[in-house]
Amino acid sequence: MRILLTNDDGIEAEGLECLERIARTLSDDIWVCAPAVEQSGKGRGITLTEPLRVNRLGPQRFAVTGTPTDCVVLAVNDLMPEKPDLVLSGVNRGHNVGEDCSYSGTVAGALQGMAFGIRSIALSQSLERFHDEVTAHWETAEAFAPGIISRLLEQKWAPGVVMNLNFPNRRPEDVTQVEVTRQGFRDIGEMHAVRRTDLRGRDYYWMSFRGEKQEHAEGTDLRAMDEGRISVSPLHIDLTHMSSVNDLKKVLGGAPPKVVAAE
(Lines give C-alpha, C1' and ligand atoms only; values in the text may rest on other atoms or scores of the structure.)
Protein backbone atom coordinates (compact mmCIF):
# COMPACT_ATOMS: atom_id res chain seq x y z
CA MET A 1 0.00 0.00 0.00
CA ARG A 2 1.39 3.39 -1.02
CA ILE A 3 0.53 6.10 1.51
CA LEU A 4 0.78 9.88 1.08
CA LEU A 5 1.15 11.99 4.23
CA THR A 6 0.42 15.69 4.55
CA ASN A 7 -0.57 18.13 7.31
CA ASP A 8 -1.25 21.79 8.01
CA ASP A 9 1.20 22.32 10.89
CA GLY A 10 4.20 22.21 8.57
CA ILE A 11 6.91 19.80 7.52
CA GLU A 12 8.76 20.06 10.86
CA ALA A 13 5.71 19.47 13.09
CA GLU A 14 5.79 16.85 15.84
CA GLY A 15 2.41 15.62 14.66
CA LEU A 16 3.83 14.75 11.24
CA GLU A 17 6.57 12.71 12.90
CA CYS A 18 3.83 10.92 14.82
CA LEU A 19 1.89 10.31 11.59
CA GLU A 20 4.98 8.82 9.93
CA ARG A 21 5.33 6.33 12.77
CA ILE A 22 1.65 5.45 12.44
CA ALA A 23 1.92 5.04 8.67
CA ARG A 24 4.96 2.76 8.93
CA THR A 25 2.92 0.27 10.94
CA LEU A 26 0.74 -0.06 7.83
CA SER A 27 3.24 0.10 4.96
CA ASP A 28 6.88 0.67 3.98
CA ASP A 29 5.95 2.80 0.96
CA ILE A 30 5.50 6.21 2.59
CA TRP A 31 5.55 9.58 0.81
CA VAL A 32 5.50 12.93 2.60
CA CYS A 33 4.43 16.20 1.00
CA ALA A 34 3.67 18.93 3.54
CA PRO A 35 3.67 22.73 3.77
CA ALA A 36 7.03 24.37 4.38
CA VAL A 37 5.45 26.52 7.11
CA GLU A 38 2.30 26.23 9.21
CA GLN A 39 -0.98 26.57 7.28
CA SER A 40 -3.51 26.13 10.08
CA GLY A 41 -6.96 27.51 9.33
CA LYS A 42 -6.35 27.74 5.57
CA GLY A 43 -9.10 25.22 4.86
CA ARG A 44 -9.44 24.21 1.20
CA GLY A 45 -7.35 27.19 0.09
CA ILE A 46 -5.23 26.83 -3.03
CA THR A 47 -2.40 29.11 -4.11
CA LEU A 48 -3.37 31.01 -7.27
CA THR A 49 -1.52 34.35 -7.04
CA GLU A 50 2.08 33.22 -6.62
CA PRO A 51 4.25 30.28 -7.71
CA LEU A 52 4.66 27.17 -5.62
CA ARG A 53 8.18 26.08 -4.71
CA VAL A 54 9.01 22.46 -3.91
CA ASN A 55 12.01 21.56 -1.77
CA ARG A 56 13.06 17.90 -1.90
CA LEU A 57 14.20 17.05 1.62
CA GLY A 58 15.01 13.42 0.99
CA PRO A 59 13.74 10.31 -0.76
CA GLN A 60 9.95 10.56 -1.02
CA ARG A 61 9.86 13.70 1.16
CA PHE A 62 8.91 17.20 -0.03
CA ALA A 63 8.17 20.62 1.49
CA VAL A 64 5.89 22.96 -0.47
CA THR A 65 5.40 26.71 -0.12
CA GLY A 66 1.64 26.29 -0.14
CA THR A 67 -1.42 24.86 1.55
CA PRO A 68 -2.27 21.23 2.36
CA THR A 69 -4.50 21.17 -0.73
CA ASP A 70 -1.59 22.39 -2.87
CA CYS A 71 0.58 19.65 -1.39
CA VAL A 72 -1.82 16.83 -2.24
CA VAL A 73 -2.40 18.17 -5.77
CA LEU A 74 1.34 18.42 -6.45
CA ALA A 75 2.14 15.06 -4.87
CA VAL A 76 -0.51 13.12 -6.78
CA ASN A 77 -0.08 14.86 -10.13
CA ASP A 78 3.64 15.62 -10.26
CA LEU A 79 5.83 14.25 -7.48
CA MET A 80 4.73 10.63 -7.09
CA PRO A 81 5.21 8.00 -9.80
CA GLU A 82 1.73 6.58 -9.20
CA LYS A 83 -1.40 7.65 -7.35
CA PRO A 84 -1.32 6.62 -3.67
CA ASP A 85 -3.74 4.11 -2.21
CA LEU A 86 -4.31 6.16 0.94
CA VAL A 87 -3.92 9.79 2.07
CA LEU A 88 -3.34 10.50 5.76
CA SER A 89 -3.48 14.14 6.90
CA GLY A 90 -2.21 15.20 10.34
CA VAL A 91 -1.66 14.44 13.10
CA ASN A 92 -2.91 17.93 13.89
CA ARG A 93 -1.88 19.66 17.12
CA GLY A 94 -5.36 20.24 18.49
CA HIS A 95 -8.64 18.59 17.62
CA ASN A 96 -10.66 19.31 14.48
CA VAL A 97 -14.29 18.87 15.48
CA GLY A 98 -17.51 20.80 15.00
CA GLU A 99 -17.18 23.81 12.71
CA ASP A 100 -13.37 23.40 12.81
CA CYS A 101 -13.89 20.95 9.95
CA SER A 102 -14.91 23.73 7.55
CA TYR A 103 -11.66 25.69 7.88
CA SER A 104 -9.21 22.98 8.96
CA GLY A 105 -6.22 22.51 6.67
CA THR A 106 -5.91 19.00 8.09
CA VAL A 107 -9.40 18.04 6.95
CA ALA A 108 -8.79 19.87 3.65
CA GLY A 109 -5.79 17.67 2.87
CA ALA A 110 -8.00 14.61 3.26
CA LEU A 111 -10.77 16.18 1.17
CA GLN A 112 -8.37 16.76 -1.70
CA GLY A 113 -7.30 13.14 -1.56
CA MET A 114 -10.97 12.18 -1.71
CA ALA A 115 -11.41 14.46 -4.74
CA PHE A 116 -8.78 12.35 -6.52
CA GLY A 117 -10.71 9.18 -5.69
CA ILE A 118 -8.27 8.14 -2.94
CA ARG A 119 -9.45 6.93 0.45
CA SER A 120 -8.39 9.68 2.85
CA ILE A 121 -8.29 10.15 6.61
CA ALA A 122 -7.71 13.25 8.75
CA LEU A 123 -6.17 12.73 12.20
CA SER A 124 -6.02 15.21 15.09
CA GLN A 125 -4.81 15.06 18.70
CA SER A 126 -6.74 17.14 21.20
CA LEU A 127 -4.91 19.58 23.49
CA GLU A 128 -5.68 20.92 26.94
CA ARG A 129 -5.05 24.43 25.56
CA PHE A 130 -2.98 26.10 22.88
CA HIS A 131 0.34 27.27 24.29
CA ASP A 132 3.94 26.55 23.34
CA GLU A 133 4.59 24.89 26.69
CA VAL A 134 1.71 22.43 26.28
CA THR A 135 2.71 19.04 24.87
CA ALA A 136 0.13 16.96 23.07
CA HIS A 137 -0.37 13.29 23.97
CA TRP A 138 1.03 12.10 20.63
CA GLU A 139 1.38 8.66 22.15
CA THR A 140 -2.43 8.41 22.27
CA ALA A 141 -2.87 8.92 18.53
CA GLU A 142 0.07 6.63 17.88
CA ALA A 143 -1.35 3.88 20.09
CA PHE A 144 -4.82 3.76 18.58
CA ALA A 145 -4.64 5.10 15.02
CA PRO A 146 -3.13 2.00 13.34
CA GLY A 147 -5.90 -0.31 14.55
CA ILE A 148 -8.67 2.14 13.70
CA ILE A 149 -7.25 2.86 10.23
CA SER A 150 -6.89 -0.87 9.54
CA ARG A 151 -10.51 -1.47 10.56
CA LEU A 152 -11.71 1.44 8.40
CA LEU A 153 -9.84 0.16 5.36
CA GLU A 154 -11.63 -3.16 5.70
CA GLN A 155 -14.97 -1.39 5.21
CA LYS A 156 -16.64 -0.11 2.05
CA TRP A 157 -16.83 3.69 2.00
CA ALA A 158 -19.55 5.69 0.32
CA PRO A 159 -18.32 7.92 -2.54
CA GLY A 160 -17.20 11.38 -1.48
CA VAL A 161 -16.57 10.45 2.18
CA VAL A 162 -13.47 11.17 4.25
CA MET A 163 -12.87 9.89 7.76
CA ASN A 164 -12.13 12.42 10.49
CA LEU A 165 -10.34 10.89 13.49
CA ASN A 166 -9.92 12.86 16.73
CA PHE A 167 -8.04 11.57 19.74
CA PRO A 168 -8.90 12.97 23.20
CA ASN A 169 -6.53 14.85 25.46
CA ARG A 170 -5.76 11.78 27.55
CA ARG A 171 -2.96 9.29 27.93
CA PRO A 172 -3.45 5.97 26.11
CA GLU A 173 -4.20 4.08 29.33
CA ASP A 174 -7.02 6.50 30.08
CA VAL A 175 -8.78 6.02 26.73
CA THR A 176 -11.18 3.07 26.71
CA GLN A 177 -13.71 3.79 23.97
CA VAL A 178 -14.00 4.78 20.33
CA GLU A 179 -17.27 6.26 19.03
CA VAL A 180 -18.63 6.86 15.55
CA THR A 181 -19.92 10.42 15.75
CA ARG A 182 -21.56 13.18 13.75
CA GLN A 183 -20.20 16.69 13.37
CA GLY A 184 -21.32 18.96 16.20
CA PHE A 185 -21.51 22.75 16.35
CA ARG A 186 -20.37 25.21 18.99
CA ASP A 187 -21.74 28.62 19.79
CA ILE A 188 -20.36 30.69 16.90
CA GLY A 189 -19.77 33.54 19.37
CA GLU A 190 -16.60 31.73 20.48
CA MET A 191 -14.67 33.24 17.57
CA HIS A 192 -13.69 36.88 17.83
CA ALA A 193 -10.92 39.32 16.97
CA VAL A 194 -8.66 40.80 19.65
CA ARG A 195 -7.66 44.39 18.90
CA ARG A 196 -4.12 45.42 19.74
CA THR A 197 -1.86 48.36 18.96
CA ASP A 198 1.57 48.14 17.36
CA LEU A 199 4.61 50.25 18.32
CA ARG A 200 3.65 52.93 15.81
CA GLY A 201 0.23 53.39 17.34
CA ARG A 202 -1.73 51.55 14.64
CA ASP A 203 -4.40 49.02 15.48
CA TYR A 204 -4.20 45.44 14.32
CA TYR A 205 -6.36 42.38 15.02
CA TRP A 206 -5.60 38.82 16.08
CA MET A 207 -8.22 36.12 15.56
CA SER A 208 -8.98 34.20 18.75
CA PHE A 209 -11.43 31.86 20.48
CA ARG A 210 -13.03 32.44 23.86
CA GLY A 211 -13.11 28.72 24.60
CA GLU A 212 -16.04 28.92 26.99
CA LYS A 213 -17.30 25.62 28.41
CA GLN A 214 -20.43 24.37 26.66
CA GLU A 215 -22.70 21.36 26.87
CA HIS A 216 -22.49 19.48 23.58
CA ALA A 217 -25.08 17.13 22.15
CA GLU A 218 -24.83 13.38 22.56
CA GLY A 219 -23.36 11.56 19.58
CA THR A 220 -21.27 14.52 18.39
CA ASP A 221 -17.53 14.72 17.92
CA LEU A 222 -17.47 17.60 20.44
CA ARG A 223 -19.10 15.46 23.14
CA ALA A 224 -16.67 12.62 22.49
CA MET A 225 -13.71 14.97 23.07
CA ASP A 226 -15.32 16.31 26.25
CA GLU A 227 -15.74 12.79 27.64
CA GLY A 228 -12.42 11.29 26.53
CA ARG A 229 -13.52 9.03 23.70
CA ILE A 230 -11.88 8.66 20.29
CA SER A 231 -14.15 10.20 17.64
CA VAL A 232 -14.53 8.80 14.13
CA SER A 233 -16.71 10.98 11.90
CA PRO A 234 -17.49 10.21 8.24
CA LEU A 235 -17.55 13.60 6.51
CA HIS A 236 -18.49 14.63 2.99
CA ILE A 237 -18.19 17.85 1.02
CA ASP A 238 -21.82 18.19 -0.10
CA LEU A 239 -23.05 21.29 1.75
CA THR A 240 -26.60 21.18 0.36
CA HIS A 241 -29.40 21.46 2.93
CA MET A 242 -31.93 19.10 1.38
CA SER A 243 -34.98 20.05 3.45
CA SER A 244 -34.53 23.66 2.30
CA VAL A 245 -34.21 22.47 -1.30
CA ASN A 246 -37.55 20.67 -0.99
CA ASP A 247 -39.22 23.70 0.63
CA LEU A 248 -37.89 26.14 -1.98
CA LYS A 249 -39.09 23.95 -4.85
CA LYS A 250 -42.64 24.80 -3.77
CA VAL A 251 -42.09 28.50 -4.48
CA LEU A 252 -39.33 28.60 -7.12
CA GLY A 253 -38.95 26.75 -10.39
CA GLY A 254 -39.80 27.18 -14.07
CA ALA A 255 -39.98 30.75 -15.34
CA PRO A 256 -38.19 33.26 -13.03
CA PRO A 257 -40.54 35.43 -10.98
CA LYS A 258 -40.97 39.05 -11.98
CA VAL A 259 -40.98 42.00 -9.63
CA VAL A 260 -44.41 43.54 -9.33
CA ALA A 261 -44.18 47.33 -9.37
CA ALA A 262 -45.64 49.03 -6.31
CA GLU A 263 -48.73 51.08 -6.96
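Colleague: At what angle do helix α1 and helix α5 pack, and how far apart are their axes?

Modeller: Bear in mind that this is a predicted model. Here helix α1, residues 14-24, packs on helix α5, residues 138-153, at an angle of about 35°, and their axes lie 9 Å apart. The crossing in which α1 passes α5 is right-handed. On the α1 side the contact is made by E14, G15, C18, R21 and I22, while α5 contributes W138, A141, E142, A145, P146 and I149. Sorted by character, the residues of this contact comprise 7 nonpolar, 1 polar and 3 charged.

Colleague: And why is α2 described as roughly parallel to α4?

Modeller: Angles under 35 degrees count as roughly parallel. Helix α2 (residues 68-79) and helix α4 (residues 105-115) pack at an angle of about 30°, with 8 Å between their axes, and therefore α2 is roughly parallel to α4. Their crossing is right-handed, and the contact brings together P68, T69, V72 and V73 of α2 with G105, A108, G109, Q112 and G113 of α4. By character, that contact divides into 4 nonpolar and 5 polar residues, with no charged ones.

Colleague: Is Q112 buried or exposed?

Modeller: A residue counts as buried when its relative accessible area is under 20%. Q112, which is found in helix α4, has a relative accessibility of 11% and so counts as buried.

Colleague: Which residues does Q112 touch, leaving aside those up to four places away in sequence?

Modeller: With those set aside, Q112 touches R44, T69, V72 and V73. In the case of R44, the side chains of the two residues are also joined by a polar contact of 3.2 Å.

Note on methods: Residues are numbered from 1 along each chain as its sequence is written. This is a predicted model: local features need pLDDT of at least 70, side-chain atom pairs count only at pLDDT 80 or more; totals for chains, interfaces and linings use all residues. Side-chain values use heavy atoms; hydrogens and water are left out. Axes are lines fitted to C-alpha atoms, for helices over the stretch in contact, and angles run from 0 to 180 degrees between N-to-C directions. Helices (H or I, at least four residues) and strands (E, at least two) are DSSP runs, numbered from the N terminus. A crossing is left-handed if the near helix is turned anticlockwise from the far one by less than a right angle, and right-handed if clockwise. Contact means heavy atoms within 4.5 Å. Ala, Val, Leu, Ile, Met, Phe, Trp, Tyr, Cys and Pro count as nonpolar, Asp, Glu, Lys and Arg as charged, and the others, Gly among them, as polar. Angles under 35 degrees count as roughly parallel, over 145 as roughly antiparallel, 65 to 115 as roughly perpendicular and the rest as oblique. Buried means under 20% relative accessible area, exposed over 50%, partly exposed in between (1.4 Å probe, protein chains only). A polar contact is a pair of N or O atoms within 3.5 Å; within protein, one must be able to donate a hydrogen and the other to accept it, and residues adjacent in sequence count only if both atoms are side-chain atoms.
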